[in-house]
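Biologist: Before accepting any label in a model, I would like to see the cut-off behind it. Shall we go through a few?

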Amino acid sequence: MSLTLEQAKNKLEHFCAYQDRCHTEVISKLFNLKVSSDLHDEILVYLINNKFLNEERFARSFARGKHRISGWGKNRILGELKIRKISANLIKIAMTEIDDTMYFETLNKLAEQRWQSLTDKDINKKKQKLIGFLHRKGYEMEYILDKVNDLQKE
């Protein structure tokens with residue numbers, strides 16, 4: 001049983017109103033709802049025209065949220081936006097949402113918390129674990145190494 005055009009629009013309005021979505025998520029949702037492929041473009045245009053779907057708004061809130069809430073670094077955010085097929089121009093705009101001061105505060109806080117929680121007696125193992133953790137979070141290696149060296153000196 002496939003949905004009518006109005007039912008599909010209604011469901012996707014709610015889907016997009018709940019949180020900002022990118023085109024890829026909406027298209028994926030259309031397939032999950034088994035909406036006929038010939039209606040996809042019409043529904044996307046409707047959602048964009050009625051301000052339910054906005055790639056720039058999505059990219060900005062994604063970058064802000066993933067950094068502020070999940071503590072992700074710029075590399076991870078960049079990679080995730082690319083996976084979602086966000087254009088390079090919009091990614092550049094989204095990255096302006098991350099304030100440098102806040103970025104380094106988050107990096108420092110994460111590094112210090114993780115450093116305290118690591119119980120390894122071998123300092124090299126402890127350093128490697130911290131480096132791996134921060135790298136997976138998406139922070140740049142130069143900043144990670146600076147922070148690790150600072151923590152080691154303490």
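Biologist: Why does R21 count as buried?

Modeller: R21 has 12% relative accessibility, and buried means under 20% relative accessible area (exposed is over 50%, partly exposed in between; 1.4 Å probe, protein chains only), so R21 counts as buried. This is a predicted model, where local features need pLDDT of at least 70 and side-chain atom pairs count only at pLDDT 80 or more, while totals for chains, interfaces and linings use all residues. Residues are numbered from 1 along each chain as its sequence is written, and side-chain values use heavy atoms, with hydrogens and water left out.

Biologist: What does R21 touch, not counting residues up to four places away in sequence?

Modeller: With contact meaning heavy atoms within 4.5 Å, R21 touches F15, C16, V26, L53, N54 and F58. The C-alpha atoms of R21 and F58 are 5.8 Å apart, although 37 residues separate them along the chain. A polar side-chain atom of R21 also lies 3.0 Å from the backbone oxygen of F15.

Biologist: How do you know that K126 has no salt bridge?

Modeller: A salt bridge needs a side-chain nitrogen of Lys or Arg within 4 Å of a carboxyl oxygen of Asp or Glu. For K126, which is buried, the nearest side chain of opposite charge is D120, 7.5 Å away. Lys and Arg count as positive, Asp and Glu as negative; His and the chain ends are not counted. Leaving aside neighbours within four places in sequence, K126 is in contact with W115, L118 and D120.

Methods:
Polar contact = N/O pair within 3.5 Å; in protein donor to acceptor, adjacent residues only side chain to side chain.
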